[in-house]
Structure formats: C-alpha cells, structure tokens
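Here are my notes from a pass through this one, written with a modeller in mind. Have the viewer open as you read.

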Amino acid sequence: MGTEGILSAKCFGIEEKICHKDVRRLLKITVDLWSGCGKIGYGTVLRLRREIVMFELLLNLDGNILLFLQEHIRNPLMTPILRLITTLGNGGAVWIAFTVLLLCIPRTRKVGCMALAALLGTLLVNNMILKNLVARTRPYEVIEGLTYIVMRPTDFSFPSGHAGCSFAVACILFRRLPRQYGIPALILAILIALSRLYVGVHYPSDVLFGTISGILISYGAEKIVDRLWRRRCIEQEEE
C-alpha cells in the first residue's frame, strides 16, 4: 500500500478503512460528473482538481517523512532517549505534574489554573472531539514498512494529543513564568512533539495541527482564567 493513507468510515456500526487513493479517485469522478452535467463551471473544475493534487502531495509527504526518519534518523543511541521523552507526555503526565505543583504554590496558583484550563481544553477539543470526528488511522497501519517502537496507541491519530497538551501548557509557562522555567518547558514540548514522529505513531500533519491547536488553546485558557481571576479579586475587594 506504500505511503497511501487510510480513512476510517463508520456506517451502521461497522468501521471500514478506505484508502486515500480511493478517495482521490472518487473526488475526481465526482468533479468530472458535475462538470459533464454542467453543475459547476470550468474554472471551478480546475480549482478542485488542483486541490486534489495538493491533497495527494501532502499525503505522500506525510508518509515519506516518517519513512525517512525511520531509515536515516532512528538509531540505538537516540531510541531509548526519545522513548523516555515521549512517555513523559503519555496522558499529559508531566504537564499534569507541573500544573499540580503550580497550584500548590500560592504565588503561581493563577498560572496553575491557566495550565489546568489548557489541559481541559486540549482534552475536550483534540482528544474527545477532533480525534473521533476525523478518525484518522495510525500511520504504522497504513505505511508499508513503517514500524512503531512504543506501546501501541488505542485511539485515532489526528491530531496529536501529546503535541496539543504539551504546547498548551508549555506556552502558558513560557509567557507567565521567568525564562529559566519557561524556556525549558517549551523545549520539552518541542521534544515530546517531535518524538511522536520518531517512534512512528503520528503523521507530521497530526503533530503540526496538535501544536497549533495547543498554542491557540493556551491563549484561550489564559484569557478566560485571567478574566475570572480579576472578577474574583474585584468581588473580594467589594466584600
């Protein structure tokens, strides 16, 4: 099957795997039929066909990057290190630990609340909604020759929960804490995100979108908690 992707389709309780190659063929046939029936104009047809080509290129690039990492970057020295790094992000463990620590210290409790809100935000948006909505199959089940070197994940691939969770909390720590704490947190987030590619359990686009969503969620969580914190302070002053 090479680097062809697979989509998971659920119908009447039955999960079916559809090759991205079949999806592209279906899209091309649909565009041709619409064009022949006069449903869409010639300019629209050209635009849709260009988008189909771009879709194909992105899918191939996703798979080729993972195969390149496996064949040229993986080595006995780096593998145990990156396995450990990726394990730190399992279930958001390291970020939950940081959040609890921040909540226990009165001076950093507000930052801890922001980190907690970010964790809940990524859990809701990435893990509970997007993963099940997109239902993207893991790359090692699709790309011929690709192997994973950690415990087999049980959920869907898109987006990367490790990347989303890591950047959601790390960005808050980077913006709110002194640089001697914020910079290492951001570096750890980057390493955890990249480790997901190295161990073969995520496509690059999974990690990229997870990173972007984590950054956006961090701003949202920061803004919400900051507003609630100010309101609470005002109420306490009035009392």
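**Pockets, cysteines and backbone oddities**

1. Starting with the chemistry of the biggest opening: the lining of the largest pocket splits into 13 polar, 10 nonpolar and 5 charged residues. Bear in mind as you go that this is a predicted model.

2. As for its dimensions, the largest pocket comes out at about 550 Å³. A total of 28 residues line it, and the ones nearest its centre are G89, N90, G91, G92 and H162.

3. Which helix gives the most to that lining? Helix 5 does, with 6 residues. Helix 3 (78–88), helix 4 (93–104), helix 5 and helix 6 each put in at least two residues.

4. Next, the second largest pocket, with a volume of about 340 Å³. Here the lining runs to 14 residues, and L101, L102, T108, L177 and Y181 sit nearest the centre. By class, 11 of the lining residues are nonpolar, 1 is polar and 2 are charged.

5. Helix 4, helix 6 and helix 7 (179–198) each supply at least two residues to the lining of this second largest pocket. Note that helix 4 and helix 6 also each supply at least two residues to the lining of the largest pocket.

6. Now the backbone. If you are checking omega angles, stop at F158 and P159: the peptide bond joining them is cis, with omega at about -5°. P159 belongs to the loop between helix 5 (109–134) and helix 6 (161–176).

7. That loop, between helix 5 and helix 6, also holds A135. A135 is not a glycine, yet its phi is positive, at about 55°. Is A135 buried or exposed? Its relative accessibility is 5%, and the cut-off for buried is under 20%, so A135 counts as buried.

8. On to the cysteines. How many disulfides does the structure hold? The count is 0. Two cysteines are worth a look for their surroundings. C104 has a relative accessibility of 55%, and since exposed means over 50%, C104 falls in that class. C165, at 10%, is under the 20% limit and therefore counts as buried.

9. If you only revisit a few places, I'd pick these: the cis bond between F158 and P159, the positive phi at A135, and the residues nearest the centre of the largest pocket, H162 among them.

Definitions and conventions. Residues numbered from 1 in each chain as written. Predicted model: local features only at pLDDT ≥ 70, side-chain atom pairs only at ≥ 80, totals over all residues. Heavy atoms only, no water. Disulfide = S-S within 2.5 Å. Buried < 20%, exposed > 50% of the residue type's maximum accessible area, 1.4 Å probe, protein only. Helix = DSSP H or I, 4+ residues; strand = E, 2+ residues; numbered from the N terminus. 1 Å grid on protein atoms, 1.4 Å probe; cavity = no way out; pocket = protein on both sides within 12 Å on 5 of 7 lines; lining within 4 Å. Points joined across faces, edges and corners; volume = space filled by probe spheres on them. Nonpolar A, V, L, I, M, F, W, Y, C, P; charged D, E, K, R; others polar.
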